Amino acid sequence: MDSNGSDAPGAFGTAGAPGAAGVPGTAVLEAARPARTPLRSTTDNAWKIVVVGGFGVGKTTLVGAVSEIRPLTTEEVMTKAGVGVDDPSAVADKRSTTVAFDFGRITLSAESVLYLFGAPGQERFWFLWDRLFSGALGAVVLVDPRRLEDSFYAIDRLEHHGMPFVVARNNFEPPRHTLEQVREALDLSPEVPLLDCDARAKESGKQVLITLVRHLTELAAAQYGSADADGENLS
Amino acid sequence: MTGRRRLGPDDGPDRLYTVTGGRSRPATDAFDVVTLIVAESAPVPGMQSEHARILRLAEHPIAVVELSAELELPVSVIKILLGDLLEAGRITARHPRFAPRTNRLPDVDTLKQVLHGLQRL
């Protein structure tokens with residue numbers, strides 16, 4: 001498995017086909033971490049952050065680098081016709097389709113835990129958003145510098161949803177362009193943080209998440225008029 | 001695109017139909033994908049095996065999405081099963097405090113707590 005691109009395949013089975021509504025097994029990327037580490041009994045609040053990007057860009061790798069559990073894979077069932085329409089009758093319906101997604105977990109404190117979701121960025125994925133990812137704190141758009149165009153759609157949709165996000169360039173090889181050139185190519189507004197990362201490295205993944213939450217803190221301070229928005233003091 | 005799936009006779013729409021007793025709609029909208037589920041009682045003999053597995057897994061808090069992965073069932077099916085257990089008083093649900101319908105952000109203090117948690121990682 002490509003160590004830097006081991007996204008779970010975007011399994012889009014058609015439930016009408018024999019067996020295709022089956023459920024993918026759990027993604028086992030590393031044997032060292034236990035698959036099941038229970039949360040503390042005091043945990044009473046969970047947050048969501050979504051990592052979105054093209055196929056093979058390293059979403060699962062990033063989730064796995066920072067997660068305290070091995071990334072797990074599961075799926076949701078949706079009607080094919082129901083793009084944008086919440087239709088729970090999709091279950092066991094021949095018109096249904098399944099969308100696989102990965103997730104990992106970070107315990108933040110005795111009371112709170114953060115779930116990280118890796119989700120494909122293609123058009124067909126976005127009908128998951130309302131059902132699974134509403135209420136997410138924000139998103140990380142992971143981009144492959146060799147295929148920037150893969151993230152155009154995701155960036156458009158995040159802007160459309162009003163979901164705050166940062167863009168992280170996962171460098172598979174020494175970058176040939178500056179981040180400013182990338183910003184221009186992606187037509188990113190100046191306030192959207194853009195940074196380099198190595199999705200395989202825990203510290204790098206952690207910095208990506210910290211950059212996102214700092215960005216959120218600044219946005220919240222602007223929105224609520226807090227005078228104490230300086231995330232830099234927190235490092 | 002189904003090459004990675006483990007195909008078997010138990011998979012497919014029929015299995016999902018059986019697990020949920022033919023229901024396709026959760027009785028309650030109460031569950032987010034990260035709602036934390038806590039068992040309030042142990043499984044009892046004769047209980048549907050999926051219900052029993054959920055109760056065992058939820059001995060400690062566990063998110064809906066983790067139950068989905070553990071039971072290898074779609075999130076929407078897990079929500080139906082959880083609705084049964086909630087109705088029977090066998091589980092409690094700890095809902096995410098932040099579940100906005102609009103584009104509002106959590107307050108700055110809350111975000112700083114998240115930041116502190118990440119910095120300890």
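Two residues count as in contact if their C-beta atoms, placed from the backbone, lie within 7 Å. With that in hand, the contacts of chain A in this predicted model can be sorted by how far apart the partners sit in the sequence. Among contacts in chain A between residues at least 6 apart in sequence, 74% link residues at least 24 apart. Burial adds to the picture: of the 235 residues in chain A, 47% are buried.

As for the building blocks, chain A is made up of five helices and seven strands. Following the sequence from start to end, they come in the pattern β-α-β-β-β-α-β-α-β-α-β-α.

One helix pair in chain A is worth a look. Two packed helices are described by the angle between their axes and the distance between the axes. Helix H1 (residues 59-66) and helix H5 (residues 202-224) of chain A have axes that come within 8 Å and cross at roughly 100°. Since angles of 65 to 115 degrees count as roughly perpendicular, H1(A) is therefore roughly perpendicular to H5(A). On the H1(A) side, the meeting residues are A:Leu62, A:Ala65 and A:Val66, and on the H5(A) side they are A:Lys202, A:Gly205, A:Lys206 and A:Leu209. Sorted by character, the residues of this contact come out as four nonpolar, one polar and two charged.

Turning to chain B, three strands make an open sheet in the order E2-E1-E3, with antiparallel pairing. Strand E2 (62-63) and strand E3 (91-94) of chain B stand at the edges; each has a single partner strand, so one side of each has no neighbour in the sheet. Strand E1 (residues 36-39) of chain B pairs with E3(B) in the antiparallel sense over four bridges. Within this sheet, B:Val38 stands opposite B:Thr92 in E3(B).

Finally, a word on the backbone. Most residues other than glycine have a negative phi. A:Asp187 goes the other way, with a positive phi of about 55° although it is not a glycine. A:Asp187 is found in the loop between helix H4 (179-186) and strand E7 (194-197) of chain A. With 9 other C-beta atoms within 10 Å, A:Asp187 is exposed, because a residue with 12 or fewer counts as such.

Chain B offers a case as well: B:Glu72, a residue other than glycine, has a positive phi near 55°. B:Glu72 lies in a loop too, between helix H3 (64-71) and helix H4 (75-87) of chain B. B:Glu72 has 17 C-beta neighbours inside 10 Å and so counts as partly exposed.

How values were computed
Residues are numbered from 1 along each chain as its sequence is written. Chains are lettered from A and ligands numbered from 1 in the order in which they are written. This is a predicted model: local features need pLDDT of at least 70, side-chain atom pairs count only at pLDDT 80 or more; totals for chains, interfaces and linings use all residues. Axes are lines fitted to C-alpha atoms, for helices over the stretch in contact, and angles run from 0 to 180 degrees between N-to-C directions. Helices (H or I, at least four residues) and strands (E, at least two) are DSSP runs, numbered from the N terminus. Angles under 35 degrees count as roughly parallel, over 145 as roughly antiparallel, 65 to 115 as roughly perpendicular and the rest as oblique. Ala, Val, Leu, Ile, Met, Phe, Trp, Tyr, Cys and Pro count as nonpolar, Asp, Glu, Lys and Arg as charged, and the others, Gly among them, as polar. Two strands pair if DSSP finds at least two bridges between them. A residue is buried if 20 or more other C-beta atoms lie within 10 Å of its own, exposed if 12 or fewer, and partly exposed in between; C-beta atoms are placed from the backbone.
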